[in-house]
Amino acid sequence: MKLSDFKIKVDNKFYSKIPEEKIAKYPRTYDPESKLYNRDEAKLMVVHKKTGEIEHKLFKDIINYFDEGDTFIFNDTKVFPARLYGNKEKTGARIEVFLLRELNEDLKLWDVLVDPARKIRIGNKLYFGPDESLVAEVIDNTTSRGRTLRFLYDGDHDEFKEKLYSYGEAPIPDDVRSVRETEEEDHERFQNIFARHEGAVTVPVAGLHFSRELMKRMEIKGIEQAFITLHAGLGNFRSIDVEDLSKHKTDSEQMFVTKEACDLVNNSKEKGHKVCAVGTTTLRAIETAVGPGGFIKEFDGWTNKFIFPPYDFTVADSLVVNFQMPLSTMIMLVTAFGGYDLVMKAYAEAIKGDYLFGTYGDAMLITD
């Protein structure tokens, strides 16, 4: 398939971008006064692969499609405060730095994006914090925006990370930043309730719909909860600039699959129960860790797996996702899982109906 196949067709009109009014600026049930929202009360479109039926529900109704012994797989990566603002030496120019990943703990090397990039060269020093007490030096210039920074800090690593993160803020996407209150409230909303392992620069958004109440109801019903870790990066959100999808390369992301997760998932499969992947990052992770017979195995490493139609999935038979943007790698994965024609029909229905797209948008369950 080609890149242009992933525009969304609605009544003979092709959308390469979602209309602005269809993108969620904040969670659907967000209450500005209490600053709380009911995570599990977004809209849920249920798409049945075998029959082509499409249902319209609330997200908390998802539990009705699963039974005792079924397993949900969650990505428990935790978003860290990756966006920093600093000043350039001598000129004092304000520079935005987006932390991508730590390259070396001992040397305190970080792979970052900088903006404006044209002002930053090898050898420049950047100062962070209200008293400019944290200093970094640019030691490599790898791409038009990418840089490697060496932080000049004499304390131990944990002390350094605490100081670095205290100067950062939640990397909230630009299309929802207009409703932010405080950094703490922002960061709490932009985090899954089961997030445990720090390392992501963007939240796996499908997990945002799971409330503590919903997960407790799942537990009571006997639905198992397995957790893997894939530290979600920005690669999935980069635009694809080739028509031939086989030539597109994605960024590598670090991931971990434990024996405990393998045992839960593989036991469900052996007994003929459903396995549901929560989010595109989870689905890519388990397809990276799959072994013979569709069973997953322990994994500790990196993945740059890019999935687009046609593709035979071997682990999950159900998938929970938010409504993704046209021409994105995520919508390609979703159409590969649910079937191109059916998923595109569902997306057209979402655009015409009362569904919201994006980070705080509504959800889709694809199941048999």
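Asp11 sits in the loop between β1 and β2 (13-15). In this predicted model, the backbone of Asp11 is unusual in sign: phi is positive, at about 50 degrees, although the residue is not a glycine. Most residues other than glycine have a negative phi. The relative accessible area of Asp11 is 60%, above the 50% cut-off, so Asp11 is exposed.

A positive phi also occurs at Leu327, again in a residue other than glycine. Here the value is near 65 degrees. Leu327 belongs to the loop between β18 and α6. Its relative accessible area is 23%, so Leu327 counts as partly exposed.

The chain as a whole holds 7 helices and 19 strands. Along its principal axes, the C-alpha trace spans about 65 × 50 × 50 Å. The radius of gyration is 21 Å. A compact globule of 368 residues would have a value near 21 Å, so the chain agrees with that expectation. Buried residues account for 55% of the 368 residues. Many contacts join distant parts of the sequence. Of the contacts with a separation of 6 or more, 70% are between residues 24 or more positions apart.

The surface and the charges were examined next. The accessible surface comes to about 16800 Å². Carbon and sulfur atoms contribute 46% of that area. The chain carries 51 positive and 62 negative charges. The mean positions of the two sets lie 5 Å apart.

Helix α6 follows the loop that holds Leu327. The helix covers residues 329-338. All 10 of its 10 residues are buried, so α6 is largely enclosed by the rest of the structure. An α-helix has 3.6 residues a turn, so residues three or four places apart point the same way. In α6, burial is found along the whole helix, from Thr329 to Gly338. Among the buried residues are Met330, Ile331, Met332, Leu333, Val334 and Phe337. Two helices pack against the buried residues of α6: α5 (280-288) and α7 (340-352). Strands β1 (8-10), β18 (318-322) and β19 (363-367) pack there as well. After α6 comes Gly339, with a positive phi near 100 degrees.

Aromatic rings were then paired by the distance between their centres. The count comes to 21 aromatic pairs. In one of them, the ring centres of Phe66 and Phe72 are 4.6 Å apart. Their planes stand at 65 degrees, over the 60 degrees that the edge-to-face class needs, so this pair is edge-to-face. Phe66 has a relative accessibility of 0% and therefore counts as buried. Phe72 is buried too, with a relative accessible area of 1%. Another pair joins Phe306 and Phe308, with centres 5.0 Å apart. The planes of Phe306 and Phe308 meet at 40 degrees, so the pair is tilted. Phe306 has a relative accessible area of 16%, which is under the 20% cut-off, so Phe306 is buried. Phe66 and Phe72 are also part of a cluster linked by ring pairs. The other members of this cluster are Phe59, Phe74, Phe194, Phe210 and Phe227.

Two cis peptide bonds deserve mention. Most peptide bonds are trans. The bond from Asp115 to Pro116 is cis, with omega near 0 degrees. Pro116 is placed in the loop between β9 (109-115) and β10 (125-128). The bond between Pro309 and Pro310 is cis as well, with omega about -5 degrees. Pro310 lies in the loop between β17 (299-303) and β18.

A further loop connects β14 (224-230) and β15 (253-257), and Leu234 lies in it. Leu234 and Asp251 are 17 residues apart in sequence. In space, their C-alpha atoms are 8.0 Å apart. Beyond its sequence neighbours up to four places away, Leu234 touches Phe98, Leu100, Leu113 and Val201. The relative accessible area of Leu234 is 23%, between the 20% and 50% cut-offs, so Leu234 is partly exposed.

Definitions and conventions:
Residues numbered from 1 in each chain as written. Predicted model: local features only at pLDDT ≥ 70, side-chain atom pairs only at ≥ 80, totals over all residues. Heavy atoms only, no water. Helix = DSSP H or I, 4+ residues; strand = E, 2+ residues; numbered from the N terminus. Rg over C-alpha atoms; globule rule 2.2 N^0.38 Å. Buried < 20%, exposed > 50% of the residue type's maximum accessible area, 1.4 Å probe, protein only. Contact = heavy atoms within 4.5 Å. Areas by Shrake-Rupley, 256 points an atom, 1.4 Å probe, with all protein chains shown as cover. Lys, Arg positive; Asp, Glu negative; His and termini not counted. Charge placed at Lys NZ, Arg CZ, Asp CG, Glu CD. Phe/Tyr/Trp six-rings, centres within 6.5 Å; stacked < 30°, edge-to-face > 60°.
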